[in-house]
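User: Please take a close look at the inner spaces of this model and at the parts that surround them. A formal, connected explanation for a first-year student would be welcome.

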Amino acid sequence: MKRIKILLLSLIMLFSVDNIYALSSNVVDFNHKGSIQITLYEKNDNEKIEGSELTIYKVADAHEKDHNLVFEYVKELEGCPVSLVDLESSTVSGEIEKCIPSDMTGIVKVTDGDGSVKYEDLDLGLYLVKQTNKVEGFSKIDSFLAMIPKVIDNKWVYDVEATPKTDIIRVINIDVKKVWNTSTSNTNHTINIPKSITIELLLNDEVIDTITLSKENDWKYTWIDLEKSDMYTVREKNVPKGYTVTYQKEDNSFIITNTSSLVQTGQMLWIVLLVGMIGVLFVIISLVYDKVSHEQNS
C-alpha cells in the first residue's frame, strides 16, 4: 500500500510540473524583444524582389488583460476609430493606415538580393508594414499588419516571419495614341475631326477598361501597372463616319490611325481637270475623224 501511495504521489507531482510548464510557456514575456522578417517574391516565377523599400510603423502596444494579449493604440493614433479586435479583417490594415499622421516616424529598410528584410530589437506590439517605393516591373504590396508576439503551434513566437496579404505580379504600362490622317489641302473643310473618341482595352478579347481620347489629353493615354501579358489589344468604338481605322502595335504601345475615306476636293482637282481635258480631246478627235471620213466618201 505504501508503495502504491508513493507511485500515485509521483504521478501527481509529474503532472503538476508539466502543467506549470505548459502554463508558463503560454505567458507573454513583455520584457522580451522581437523581430519581423519579410520576404517578397513574384508569385508566378518566385523571383525575389530586390530593392523594395518597406517602412514599418508601430501602431499599437501589447498588453495583458484577463490573461489575454491585447493591443492598445500608441499615442500618435489614440484617436483612430478602427477596432483592434478583429485583426484578420481584410480591410483593417488599410483603415489603420489612414490614421497614421504624415509626420509619424517609421523604420525604413530595403529588401536585399534575396528579397528579404529584417527588423530587429523591436518592442512587443502591432506593426503596420507599408511599401514606400515602386520596383519597376512589379506590383506593389498592399499594407498589412504584423504582430509581436505571434502564436504558432500554441506557443508565443517573438521572431516573426511576416507575409504580405497580396501577391506580387509582373506589371507593364500600355500606351495608346490616336493619329488623324486627313488632308490639309481640303479647302472645303468637308472632313471634321470629332471632339473625342472612345477606346476599349481588351485582354483575351474581353473589355477591361474604356477611356476617352481628345485634344485635351493630346489624343494619348497610358494604362499603368497592368498585369503582364501579350494578349492585350485596343479597339476604337464608333469609328467616325468618313474614316477607316487601322491598328499598329510595337512592344506595349498602340497607334490607332483614322484615315479619311471621303474625296478631298482640293487634292482631286487636278485629276478632274485632266479627265476633262482628255474628254474634250476625244471629242475633237471624233469630230475631225467624222469630217475626214465624210470628205473621202464624197
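Analyst: The largest cavity holds about 30 Å³ of space. The model in which this cavity appears is a predicted one. A search of the whole structure finds one cavity of 30 Å³ or more. Which residues line the largest cavity? Its lining consists of Ile172, Ile174, Ser229, Asp230, Tyr232, Lys249, Asp251, Asn252 and Phe254. When these residues are sorted by class, four are nonpolar, two are polar and three are charged.

The largest pocket is the next space to consider. Its volume is about 590 Å³. It is lined by 28 residues, of which Leu87, Glu88, Leu145, Met147 and Lys165 are the closest to its centre. The elements β3, α2, β7 and β10 (159–162) each give two or more residues to this lining. By class, the pocket lining contains 15 nonpolar, seven polar and six charged residues.

Helix α2, one of the elements that contribute to the pocket lining, deserves attention of its own. The helix covers residues 92–99, and its buried residues are Val92, Ser93 and Ile96. These residues lie on the same side of α2, because they span an arc of only 95° around the axis. A general rule of helix geometry helps here: an α-helix has 3.6 residues a turn, so residues three or four places apart point the same way. What covers the buried residues of α2? Among the covering elements are β2 (53–65), β3 (68–73), β6 (125–131) and β7 (144–148). Two of the names just given, β3 and β7, also belong to the elements that give two or more residues to the lining of the largest pocket.

Helix α2 is also tied to another part of the chain. In general, a disulfide is a covalent bond between the sulfur atoms of two cysteines. One disulfide is found in a search of the whole structure. It joins Cys80 to Cys99, with an S to S distance of 2.3 Å. The pair links distant parts of the chain, as Cys80 is in the loop between β3 and α2 while Cys99 is in helix α2, 19 residues apart. The link of Cys80 and Cys99 is right-handed, with 70° about the S-S bond. Are the two cysteines of this link buried or partly exposed? Cys80 is buried, because its relative accessible area is 10%, and the cut-off for buried is under 20%. Cys99 has a relative accessibility of 22% and therefore counts as partly exposed.

Two loop serines complete the picture. Ser52 is placed in the loop between β1 (34–39) and β2, and β2 is among the elements that cover the buried residues of α2. With a relative accessible area of 1%, Ser52 is buried. Leaving aside residues up to four places away in sequence, Ser52 touches Leu40, Lys109, Val110, Thr111, Gln131, Asn133 and Val135. Ser52 and Val135 are 83 residues apart in sequence, and their C-alpha to C-alpha separation in space is 6.1 Å.

Ser139 is found in the loop between β6 and β7, and both of these strands are among the elements that cover the buried residues of α2. Its relative accessibility is 14%, so Ser139 counts as buried. Ser139 touches Asp167, Ile168, Ile169 and Val171, again not counting residues up to four places away in sequence.

Key
Residues numbered from 1 in each chain as written. Predicted model: local features only at pLDDT ≥ 70, side-chain atom pairs only at ≥ 80, totals over all residues. Heavy atoms only, no water. Buried < 20%, exposed > 50% of the residue type's maximum accessible area, 1.4 Å probe, protein only. Helix = DSSP H or I, 4+ residues; strand = E, 2+ residues; numbered from the N terminus. Arc of directions from axis to C-beta. Contact = heavy atoms within 4.5 Å. Disulfide = S-S within 2.5 Å. 1 Å grid on protein atoms, 1.4 Å probe; cavity = no way out; pocket = protein on both sides within 12 Å on 5 of 7 lines; lining within 4 Å. Points joined across faces, edges and corners; volume = space filled by probe spheres on them. Nonpolar A, V, L, I, M, F, W, Y, C, P; charged D, E, K, R; others polar.
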